[in-house]
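Colleague: I'd love a close look at the charged side chains in this one, and at how they pair up. Please start there, then work outwards to the rest of the chain.

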Amino acid sequence: MKLYLGIDSGTQSLKAIIIDIDNGEIVASASVNFSTELSSYRCPNGVLPNADTLVKHSNPLMWLEALDLVLEKLKSANAPLDMVLGISGSSQQHGSVYLNGRFTGILDALNPAFSLAAQIEPALSRKTSPTWMDSSTSAECGEISLAVGAKRLQEITGSPAIERFTGPQIRKFWKTQPEDYRRTEYIHLVSSFMASVLCGENAPIDFGDGAGMNLLNLKDLVWDFNIAEATAPGLINKLPPAAPSSELAGLLAPYFKKYGFKDEVPVTVWSGDNPCSLIGVGAGETGTAVISLGTSDTFFAAMSSPHTDPQGYGHVLGNPFGGYMSLICFKNGSLARENVKDECGADWDAFERAFSETVPGNGGNIMLPYFVPEITPLVLKKGVRYSGTEDFCGGNAPSSVKIRAVVESQVLSMKLHSRWIGGKFIRIRVTGGASRSRGICQIIADVFQSRVEKISVADSATLGAALRAASAMDYFRRNEICAKFAVVSETIEPDKATAGIYDDMLVKFAELEKK
Ligand code: XUL
């Protein structure tokens, strides 16, 4: 048995799995749900309530308590933590943690008799952490773009200034809490913060997650001094170094021996959940696109060159296995599907039946499903827009038509906004909760006219983290190791007869979106 531990510090929960790379099995798993198990933090769904609906912060102490709790759960379940050969992690992207000069001393002296949260609390120079869901930094995005030049910023960092990206978030902190900013010695991403805690010393930020900050020079793979200075004075000195995703962050701190780990387990740098998912679904090489259907829907794929989206919605990140990856994030994912389901008074079985009760193209009915403000395309004010028959636009269409409309529109949006990536995808791999739906997968296959492969992986980011830990130790066997886990459970071929229908529909969808 060769065991590796992967941890995912997500938006709503923290998960952990132990994999055995010899036989491609998951040998143990555990998770902690923030809403139900850590309700004392009053952070439902991982976000602190705020009067400003654009502000979405979380409590970093809750993530630390979840880390202690998940390891405690694994230990109580007699998971073989003593046999773990390496650890890595994944986290929600863009979120940041602000620490004062006491951080390193505290990490160095972590006492197993006390919790991580209690010990690390005095090191926080900012009590809350902005998350990827925050979109309150439009002014700061404008200021950074003006100072750097919008085109230059996108060319260098792979993305234009984006509200949830860490750079604009840091600028807002500097502007609104200058004294706290001055007291801040280290600014970590969630990923590098959690890695630092695990190995008891400041960990680097990996290229995968670091590219989601509007600060990393994607060609040279170092922080861009001028952009950092335009973001907030002195920022470059507060950032941990940027490093390849296979680099060792350090050795597991003695604090964690209380859970049964052996001495000096190597901890590989953590990465973002999307770069980790790329590895978890076996798409580290070019030619495979991935659609992850979760709270937000994401579309991503490995790319060999860092060319950018002319419209500015898509991003370029580092691929943990080398090279780059594209990432396009749609906020109205499962949330929009759930809204339509509830509005129709349907359950998930009825949702699934709707696809066989309707036909591709859905009588020309299209919706722009902005149940919450959208980031692709950027729509700051929520509101659903309809186009099609009078009944549909008036809300009187049958439930099955409304259900097909939300899914077809989501997939059309993915096709429209992924065209800039270029190249031909041999296959699209689908993952995430809604990928269980045969109907949704068929629509993806038809709209993209591409084979869809369902991957029998429950948590691709957590698995990707464990696989990254294993690959860092066994670099030349990494593709072989990953292939043992990303097993295709079902293949869905496109119906060629629908190609013309969806080509026409895409034109209409693009026009509606432009309006
Ligand atoms: C990607 C993004 C989300 C988060 C979710 O840019 O913001 O996918 O990573 O955790």
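Modeller: Happy to, and let's begin with R477: at a relative accessible area of 24%, R477 is partly exposed, because that class runs between under 20% for buried and over 50% for exposed. Please keep in mind throughout that this is a predicted model. The side chain of R477 meets that of E480 in a salt bridge, with 3.4 Å from N to O. E480 is partly exposed as well, with a relative accessibility of 45%. Elsewhere, E140, E143, R171 and K175 are joined into one network by salt bridges that share partners. Over the whole structure, a search finds 19 salt bridges.

One pair from that network deserves a closer look. E143 and K175 meet through their side chains in a salt bridge of 3.0 Å, N to O. E143 belongs to helix α5 (residues 138–148) and K175 to helix α7 (residues 166–176), so this pair ties together parts of the chain that lie 32 residues apart in sequence. E143 counts as partly exposed at 27% relative accessibility, and K175 counts as partly exposed at 35%.

Now set that beside a pair in another setting. E453 and R429 form a salt bridge between their side chains, at 2.8 Å from N to O. Here the link runs between distant parts of the chain, 24 residues apart: E453 sits in strand β25 (residues 451–455) and R429 in strand β24 (residues 427–431). Buried or exposed, then, for E453? E453 counts as buried, since its relative accessibility is 6% and the cut-off for buried is under 20%. R429 is buried too, with a relative accessible area of 11%.

From here we can move on to the nonpolar interior. The largest nonpolar core has 90 residues, and L215, L235, I291, F299, I444 and F448 are those with the most contacts inside it. Helix α16 (residues 399–418) gives the most to this core, 9 residues. The core also draws at least three residues from each of domain 1 (3–275) and domain 2 (282–456 + 485–515). Apart from it lies another core, of 57 residues, with A28, L64, L74 and V197 among them.

I444 is a good place to pause. Leaving aside residues up to four places away in sequence, I444 touches I291, L293, V411, I428, V430, Q449 and V452. Helix α16 can be followed further through S413, which is found in it. S413 is buried, at a relative accessible area of 7%. With residues up to four places away again left out, S413 touches F330, T376, F509 and E513.

How do the two domains stand to each other? Their centres, taken over C-alpha atoms, are separated by 29 Å. Their contact takes 29 residues from domain 1 and 23 residues from domain 2. Helix α12 (residues 273–280) is mostly covered, as 7 of its 8 residues are buried. The buried ones are N274, P275, C276, S277, L278, I279 and G280. After α12 comes G282, with a positive phi near 70 degrees.

Let me finish with two places on the outside. K381 sits in the loop between β22 (378–379) and β23 (383–387). With a relative accessible area of 68%, K381 is exposed, because the cut-off for that class is over 50%. K381 and N362 are 19 residues apart in sequence, while 27 Å lie between them in space, C-alpha to C-alpha.

The other place is a nonpolar surface patch of about 260 Å², made by M1, V27 and M83. M83 lies in the loop between α2 (60–76) and β5 (84–91), and at 35% relative accessibility M83 counts as partly exposed.

To return to your charged side chains, it may help to keep two pairs in view as you turn the model. One is E143 with K175, joining helix α5 to helix α7; the other is E453 with R429, joining strand β25 to strand β24.

Definitions and conventions: Residues numbered from 1 in each chain as written. Predicted model: local features only at pLDDT ≥ 70, side-chain atom pairs only at ≥ 80, totals over all residues. Heavy atoms only, no water. Patch = residues over 30% accessible without salt bridge, like charges linked within 9 Å, V, L, I, M, F, W, Y side chains within 5 Å. Areas by Shrake-Rupley, 256 points an atom, 1.4 Å probe, with all protein chains shown as cover. Salt bridge = Lys/Arg side-chain N within 4 Å of Asp/Glu carboxyl O. Helix = DSSP H or I, 4+ residues; strand = E, 2+ residues; numbered from the N terminus. Buried < 20%, exposed > 50% of the residue type's maximum accessible area, 1.4 Å probe, protein only. Core = buried A, V, L, I, M, F, W, Y, C linked by side-chain atoms within 4.5 Å. Domains from an automatic or database assignment. Contact = heavy atoms within 4.5 Å.
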